[in-house]
Amino acid sequence: MDATHVLCGFSKGLLADLDDLLPPASVLVVEDEYVAAQRDVHRRSAQHPCVAGVVHAPVQDERNPAGIVRAVSRPEHVRAVVPSTEYGVVAAAALAGAWGLPGAGPAAAAVLRDKAALRAHADSAGLPQPRWRLAGSAAEVEAFRTALGGRCVLKPVDRQASLGVLLLDAEDDTDTAWKATTTAEEPRMRAPGTSSGRFLVEERLTGPEVSVECLVHRGDLLFTNVTGKQLRPGPYPVEIGHVVPAGLPAPVTGELPRLMRRLVESTGFSSGVLHAEWILVDGTRPHLVECAGRLPGDSIDTLIDLAHGGRIVADLLAVLREGPPPVRGPARAGAAIRFLTARPGMVRAVSGLTASRESNGVREVELTARQGTVVGELNSSWDRLGHVLATGATGAEAARNAAAAAALVEVRTS
């Protein structure tokens with residue numbers, strides 16, 4: 001198998017991009033055997049011309065990265081190893097390091113995949129962030145939040161998509177929250193026995209939330225984008241919209257790259273893409289929420305391409321192949337996504353899709369719910385039903401277009 005690119009974890013979106021960017025049969029997908037079976041990875045990968053094959057290996061065994069190196073033979077002509085999912089970050093760094101290829105670096109990848117380790121590094125680097133501690137019981141959560149006036153954030157240290165993240169107010173029951181966070185699962189995405197079973201309790205900050213996407217080459221920031229976010233109110237901070245560019249005041253947009261450089265330095269991150277989330281306390285003071293060492297999800301990569309031009313995936317491949325560093329400029333337009341949701345229950349009818357697709361600036365409308373689909377509570381990103389993606393002359397105009405088109409889609413449940 002003469003693959004030139006190895007992907008750690010299966011991502012249909014990334015493979016669709018690579019179909020456009022790479023020759024046929026040039027990509028080797030490495031996935032955990034259990035996850036591959038749960039997600040039908042072999043059949044779904046075969047739908048992409050760029051895929052040469054699928055190999056089973058312990059991608060998600062983050063406590064033993066040497067295992068992935070032993071399990072995967074180095075393709076003779078391999079040029080890059082790409083972390084295509086959150087749970088493939090450590091494996092990709094381990095393979096790249098063992099094969100002498102650019103990447104995040106094993107130490108940086110381990111820090112980015114452990115929110116407690118990242119908190120410790122941020123403290124040592126003097127990065128602004130909430131107060132925090134590891135919690136081993138509901139009693140420890142209660143003691144921490146009592147000292148902070150009754151409000152806190154509870155989260156697993158190693159999950160994705162806001163899974164298990166809870167915002168607690170003073171009147172919320174700690175035992176109930178602890179059970180909800182510690183039992184949150186994503187059985188199709190996560191291999192059994194690979195979670196660390198560790199949890200963080202943090203100071204709950206108030207302010208707008210943004211994410212910063214950086215293209216990094218040998219520790220240098222080549223490109224920085226700021227994405228504005230909209231979160232659903234309530235105890236589960238599920239993201240329901242993004243906009244590029246975020247449209248922040250100049251002092252804030254200048255401060256965020258400075259803080260990202262400090263984050264890169266403190267973790268020792270070398271080459272790849274970073275996706276970091278920040279809360280702007282009082283609307284002006286960034287505080288670190290968390291950071292991922294991979295491409296952003298939620299179609300933010302598509303929003304960046306539409307707003308800035310170019311292909312962020314192509315740029316990632318360039319820095320991982322040690323090619324000429326890509327050059328990107330400021331945003332030339334706006335792009336936004338709005339996620340579709342519905343009340344819990346069984347779907348009785350869906351309407352408005354055609355009108356939504358014909359609305360101003362709309363590029364894409366997707367809805368997974370059909371008549372008979374059972375809609376659950378909106379507790380994580382996996383519970384959303386679809387999205388509307390739109391563009392505009394500015395980020396604000398794109399956000400209005402996306403919101404207006406999403407409002408035309410009605411999913412009626414009972």
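This report describes the internal cavities, one helix pair and one buried helix of a predicted model.

**Cavities**

The model has two cavities of 30 Å³ or more. The table sets out their volumes and the make-up of their linings.

| Cavity | Volume | Nonpolar lining residues | Polar lining residues | Charged lining residues |
|---|---|---|---|---|
| Largest | about 120 Å³ | 13 | four | one |
| Second largest | about 40 Å³ | four | two | two |

Around the largest cavity there are 18 lining residues, and those nearest its centre are Pro-83, Ala-104, Ser-271, Gly-293 and Leu-320. Four elements each give two or more residues to this lining: strand E4 (80-83), helix H5 (89-99), strand E12 (272-281) and helix H12 (312-320). The most comes from H5, which supplies four residues. By class, the lining of the largest cavity holds 13 nonpolar residues, four polar ones and one charged one.

The second largest cavity encloses about 40 Å³ of space. Its lining is made up of Phe-10, Glu-31, Val-35, Arg-39, Gln-60, Thr-85, Tyr-87 and Met-189. Four of these lining residues are nonpolar, two are polar and two are charged.

**Helices H1 and H12**

Helix H12, one of the elements that line the largest cavity, also packs against helix H1 (residues 12-21). The axes of H1 and H12 lie 10 Å apart and form an angle of about 75 degrees. Angles of 65 to 115 degrees count as roughly perpendicular, so H1 and H12 are roughly perpendicular to each other.

On the H1 side, the contact involves Leu-14, Asp-17, Leu-18 and Leu-21; on the H12 side, it involves Val-313, Ala-314 and Leu-317. The residues of this contact comprise six nonpolar, no polar and one charged. Spacing along a helix is relevant to such a list. An α-helix has 3.6 residues a turn, so residues three or four places apart point the same way.

**Helix H11**

Helix H11 covers residues 300-308. How many of its nine residues are buried? Seven are, so H11 is largely enclosed by the rest of the structure. The buried residues of H11 are Ile-300, Asp-301, Leu-303, Ile-304, Asp-305, Ala-307 and His-308. Buried here means under 20% relative accessible area. Just after H11 comes Gly-309, which has a positive phi of about 85 degrees.

Conventions
Residues numbered from 1 in each chain as written. Predicted model: local features only at pLDDT ≥ 70, side-chain atom pairs only at ≥ 80, totals over all residues. Heavy atoms only, no water. 1 Å grid on protein atoms, 1.4 Å probe; cavity = no way out; pocket = protein on both sides within 12 Å on 5 of 7 lines; lining within 4 Å. Points joined across faces, edges and corners; volume = space filled by probe spheres on them. Nonpolar A, V, L, I, M, F, W, Y, C, P; charged D, E, K, R; others polar. Axes fitted to C-alpha atoms, helices over the stretch in contact; angles between N-to-C directions. Parallel < 35°, antiparallel > 145°, perpendicular 65-115°, else oblique. Contact = heavy atoms within 4.5 Å. Buried < 20%, exposed > 50% of the residue type's maximum accessible area, 1.4 Å probe, protein only.
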